[in-house]
Amino acid sequence: MRLPATPFMAAPNLPPVADFGFEPSYRLPPRRQVENYIRANHHLPDVAPAKKMQGEDVNLGNDLTLLLQNVEELALYIIQLDKKVGKQDRKMAEMQAQIGALKKHR
């Protein structure tokens, strides 16, 4: 579905739209908490459900901030998971080497 829209530019003196997710003090919600919220509510936390968006005016600035926040959180979750997988890969390689060594000494 295409929505009619007119291009617009945001004023340059507006406060930052997002990026707070990358601040050291930002506390990323636990993935399990986000998963539980999505299962219960069928939409992302802090983002209005589609039916509400379709029936009401949309605040583009606020919605853009919320979407960027979710993108930032997703990037942080991916980084966390990548580190976790890297650790597991290293541990598995160690275990495979140990298994190989044990097989040689049989």
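Buried means under 20% relative accessible area, exposed means over 50%, and partly exposed lies in between, with a 1.4 Å probe and protein chains only as cover. Keep those words at hand for the tour.

This is a predicted model, in which local features need pLDDT of at least 70 and side-chain atom pairs count only at pLDDT 80 or more, while totals for chains, interfaces and linings use all residues. Residues are numbered from 1 along each chain as its sequence is written, and side-chain values use heavy atoms, with hydrogens and water left out.

**The whole chain**

Start with everything shown as a cartoon. You will find three helices and zero strands, in the order α-α-α along the sequence. Helices here are DSSP runs of H or I with at least four residues, strands are runs of E with at least two, and both are numbered from the N terminus. Now switch on the surface: the protein exposes about 9,600 Å², and carbon and sulfur atoms supply 60% of that area. Accessible areas come from the Shrake-Rupley method with a 1.4 Å probe, and for residues only the protein chains shown count as cover. Of the 106 residues, 14% count as buried. Among contacts with a separation of 6 or more, 70% are between residues 24 or more positions apart; a contact means heavy atoms within 4.5 Å.

**Stop 1: helix H1**

Select residues 31-41, which make up helix H1, and show the side chains of Arg32, Glu35 and Arg39. The structure holds two salt bridges, each being a side-chain nitrogen of Lys or Arg within 4 Å of a carboxyl oxygen of Asp or Glu. Glu35 meets Arg32 at 2.8 Å, N to O; these two sit three residues apart in H1, about one turn of the helix. Glu35 also pairs with Arg39, where the closest N and O atoms are 2.6 Å apart. Because Glu35 and Arg39 are four residues apart in helix H1, about one helical turn separates them. Through shared partners, the salt bridges join Arg32, Glu35 and Arg39 into one network. As for accessibility, Glu35 is partly exposed at 27%, whereas Arg32 is exposed at 57% and Arg39 is exposed at 58%.

**Stop 2: the loop after H1**

Next, pick His42 and Asp46. His42 lies in the loop between H1 and H2, and Asp46 is found in that loop too. What is the phi of His42 near? The value is near 60 degrees, which is positive in a residue other than glycine. Asp46 has a positive phi as well, near 70 degrees. For comparison, most residues other than glycine have a negative phi. Both side chains are easy to place in the exposed class: His42 has a relative accessible area of 67%, and Asp46 has 56%.

**Stop 3: a nonpolar patch**

Move on to Met53, Val58 and Leu60, which make a nonpolar surface patch of about 250 Å². Patches are built from residues with over 30% relative accessible area and no salt bridge, joining like charges within 9 Å and nonpolar side chains (Val, Leu, Ile, Met, Phe, Trp, Tyr) within 5 Å. Met53 belongs to helix H2, residues 50-55, and is partly exposed at 31%.

**Stop 4: helix H3**

Finally, select residues 60-104, helix H3, and zoom in on Leu68 there. Leu68 is partly exposed, with 34% relative accessibility. Add Ala18 to the selection: Leu68 and Ala18 are 50 residues apart along the chain, yet 6.1 Å separates their C-alpha atoms.
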